[in-house]
Amino acid sequence: MGSAVRSALIRLCEFLLTALLVSFFTFSAFAIIPGDTARVMLGPDATEEQVEALREELGLNAPLAERYFDWLKNACRGDFGKSLSFGNPVGELISSRLPVTLGMSLIALIFVVAISFPMAAVCSRNPGSIKDKSLSTAGHILFAIPPFALSMMLILFFSKVLHIFTAGRYTPPSDNFGAYLASLILPSLCIALPKIAMTFKFLRASMIEFSQGDFVRTAKSHGLSDLRIMLKHIIPNSAVSSITVISLVLSDIMGGSLIVEQVFNLPGLGRLLLAAISRRDFPLLSGIVFYLAMMTVILYFLADVISAVIDPRIRDGRAS
Amino acid sequence: MHNGNWKKILAGALTLALSFSAAACSKESDTTDGDAIYGGEAVVGITQEPMVFDPHTVVAAGDREIIFNVYEGLYKYDSTGTLNPCLATDVAISDDASEYTFTLREGVTFHDGSEFDAADVVYSLERASELLPELASIESITDNGDNTVTVTLSTPNSEMLSNFTTAIIPEGSADTIGDTRIGTGPFVFDSYEPGIGIVLTRNENYWNPELPYLDKVTFKVCADMDAGLLELQGGAIDIFPYLTTDRAVQLDPNTFDILSLGSNMVQALFLNNDVAPFDDVRVRQALNYAVDRGEIIALTMDGAGEPLTTAMSPVMGEAYDTNLDGVYNQDIDRALELLAEAGYEDGFDMTITVPSNYLVHVNTAVALADQLSAIGVNATIEQVDWATWLDRVYTDRDYEATVICLTSDYAPYDVISRYATNNDGNLINYSNPNVDEIIENLPLTIDEDERISMYRELLGYMTEDAASVYVQDPANICAVNNRLTGYAIYPMYIQDMSTVRLASSN
């Protein structure tokens with residue numbers, strides 16, 4: 001397990017460096033782009049005196065560098081401060097938006113796994129067959145459609161043609177869990193479809209490769225059925241190699257959900273992120289960016305750990 | 001590029017204009033005769049996250065319109081824009097307009113049960129005069145001991161009464177008012193949850209025993225107008241103000257009353273008077289003659305707007321000069337003549353900087369650019385985000401032209417005082433010594449008729465100077481589920497829920 005600890009440490013260092021760089025870039029961007037938080041909050045009808053008073057109250061009159069280092073100091077202690085424009089603690093605001101973003105990511109992941117594995121299994125059995133060709137073509141088309149465009153098409157189809165979906169209707173999980181899931185399924189599908197195509201393409205290739213492997217020939221000579229070989233040998237083998245792909249897909253899914261929730265009008269992290277930018281709310285924006293960076297690093301780390309657990313070659317350090 | 005947009009707007013406008021004119025506009029939802037129904041609740045959709053509840057530090061219109069139901073001042077506006085006695089029953093203004101003596105209403109209690117009296121008035125106005133620029137001219141407030149309070153001003157101001165709508169809060173509550181939110185209004189502040197909304201409940205001990213009707217009012221935060229519209233159609237929201245016409249026509253007229261009223265806002269193509277060629281009055285006049293306001297209103301608001309030729313909306317009443325109506329009716333020949341006189345017979349290039357988050361202003365800019373091309377003016381539209389607009393255009397005045405709405409309270413002085421040469425809000429760098437003098441003298445003038453003629457004189461100067469291309473007072477459109485009645489649109493940012501009631505008991 002020594003290598004696992006080492007890789008965890010490396011990941012941690014990577015994460016801290018990423019977080020530091022990201023916060024520095026965010027801060028630099030805020031220093032360059034025009035816009036004054038206090039003026040945005042009060043609007044054009046407020047007098048210069050009122051804006052000045054609010055600027056003072058929010059501590060915006062201190063030099064930028066000083067504000068950044070203050071923020072950094074507190075962030076190191078785990079205190080991300082309060083949002084300038086909402087007045088609530090940043091952590092509280094982020095966690096209030098998580099049910100949407102995390103829920104969507106999770107459902108999308110389930111779609112990816114549940115659809116791409118069977119598709120790949122079917123295709124890899126007879127590469128070049130009609131079935132394989134038509135599924136592969138469908139995959140290519142899906143892969144080429146960006147999620148936001150797909151979102152608009154699906155919204156039109158499901159709400160205006162079928163009348164079974166209302167864009168923008170969102171029920172918090174605490175109110176009605178079924179309705180909560182229902183409100184997230186379509187957006188999750190929009191995020192998932194291009195990723196399904198990507199995962200499918202990878203899995204298909206790796207399954208074809210494995211199905212030509214020696215162990216499959218051996219299994220065949222022992223008289224195992226094709227189905228048994230697929231379930232017991234080919235899928236588990238490609239699952240290991242696909243974990244890295246899936247962890248990549250997952251961070252894409254989180255990024256995708258930030259965009260798709262705009263189209264579907266859902267109160268998720270993406271909307272909060274946009275609000276933070278348009279209100280020039282540095283603490284809130286840094287908090288969200290930090291959180292997203294952290295999630296990405298954690299996902300990669302988990303992928304490492306899971307690979308190690310299920311693949312003895314990695315676990316024992318036998319892999320390259 | 002803007003040609004495509006233009007066609008899109010035109011197509012949209014044509015389809016919507018018909019349907020909207022059918023859902024015709026009134027300013028109050030139908031009132032039923034007979035006994036009014038008490039009880040029930042209503043949900044109002046808001047698209048802005050509330051922020052500040054201290055009535056003396058609140059600035060955002062979105063906050064003020066909500067706490068109007070919770071706090072009250074000595075005087076209070078009604079939906080016609082008239083000031084009525086509220087916590088005062090009467091006022092006596094000294095002949096030189098430097099002393100206002102208020103007789104206070106008796107038997108009023110705050111939401112916490114404590115008695116309202118002169119000490120609260122003195123305390124609140126003293127605090128407010130330190131925090132609010134419009135009350136800064138208060139020199140002293142005296143409790144006369146006979147349930148009257150006298151306010152003395154350092155500079156006489158005949159239009160001060162509108163500023164006494166400032167909230168009266170319990171004596172000594174300065175440090176807690178932002179959290180306790182105790183006022184005397186028809187509704188009691190119950191709770192606020194960020195991202196969710198504000199709940200108000202009926203004030204059982206309101207001094208006017210007939211009001212309010214509803215037991216509970218919720219101001220629910222919607223992500224944006226479209227999200228709110230869906231909730232309105234789904235029945236989660238009953239009242240949704242500040243709709244655009246294209247959204248309003250989507251609503252079923254059997255379920256919703258669509259109300260509309262001039263909003264007392266001034267939308268214009270503001271021209272930076274310091275920047276060439278707009279430093280030449282002939283160029284500014286030429287642009288005014290080049291524009292067809294009726295067409296722009298039809299395209300951007302489906303006709304739900306009042307054309308403007310000057311810096312004040314006709315909604316403002318007496319202070320507005322109806323002689324100015326139609327002064328700058330479209331006259332392309334006149335516009336070309338003026339441009340030629342100014343040495344721009346071949347036209348010129350200009351940039352209109354618009355905040356991208358306001359679709360109406362972006363569309364107006366597109367329509368304006370198209371109309372201006374008829375006189376050889378080639379306008380490029382630059383969209384910037386709101387924060388950038390505030391910084392670059394409003395604060396730094398680093399722009400050529402912009403489209404925006406200016407709002408103000410229902411006080412003509414607030415509307416025009418920003419055009420004084422040195423005013424912080426004078427975003428167009430307008431400067432006319434005659435106008436400066438009138439703005440300075442207006443508060444010192446007691447006689448109502450004289451003040452009105454001063455306003456009209458001032459508007460005359462501004463029209464002659466073609467300070468900017470004033471376009472329209474866009475109507476404020478509100479949808480109300482017809483299970484409710486009694487809602488009234490105000491010509492300012494106020495959501496008065498005290499008169500709203502259920503239309504029938506089932």
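What percentage of the 506 residues of chain B count as buried? The figure is 49%. Bear in mind that this is a predicted model.

Let's start with the overall build of chain B. Its secondary structure comes to 14 helices and 20 strands. Along the principal axes, the C-alpha atoms of chain B fill a box of roughly 70 × 55 × 40 Å. A compact globule with 506 residues would have a radius of gyration near 23 Å, so the 24 Å of chain B agrees with that. Chain B also has plenty to say about sequence separation: among its contacts with a separation of 6 or more, 72% are between residues 24 or more positions apart.

Next, a look at one helix. In α8 of chain B, which covers residues 293-301, the buried residues are Arg293(B), Ile296(B), Ile297(B), Leu299(B), Thr300(B) and Met301(B). Just after α8(B) comes Asp302(B), with a positive phi of about 50 degrees.

Then there's the place where the two chains meet. Chain A puts 28 residues into the contact, and chain B puts in 24 residues. On the chain B side, the elements giving two or more residues are α5 (225-234) and α11 (386-395). The largest share there, eight residues, comes from α11(B). Here is how the residues on that side of chain B divide by type:

| Type of residue on the side of chain B that touches chain A | Count |
|---|---|
| Nonpolar | twelve residues |
| Polar | six residues |
| Charged | six residues |

How values were computed: Residues numbered from 1 in each chain as written. Chains lettered and ligands numbered in written order. Predicted model: local features only at pLDDT ≥ 70, side-chain atom pairs only at ≥ 80, totals over all residues. Contact = placed C-beta atoms within 7 Å. Helix = DSSP H or I, 4+ residues; strand = E, 2+ residues; numbered from the N terminus. Nonpolar A, V, L, I, M, F, W, Y, C, P; charged D, E, K, R; others polar. Buried ≥ 20, exposed ≤ 12 C-beta atoms within 10 Å, placed from the backbone. Rg over C-alpha atoms; globule rule 2.2 N^0.38 Å.
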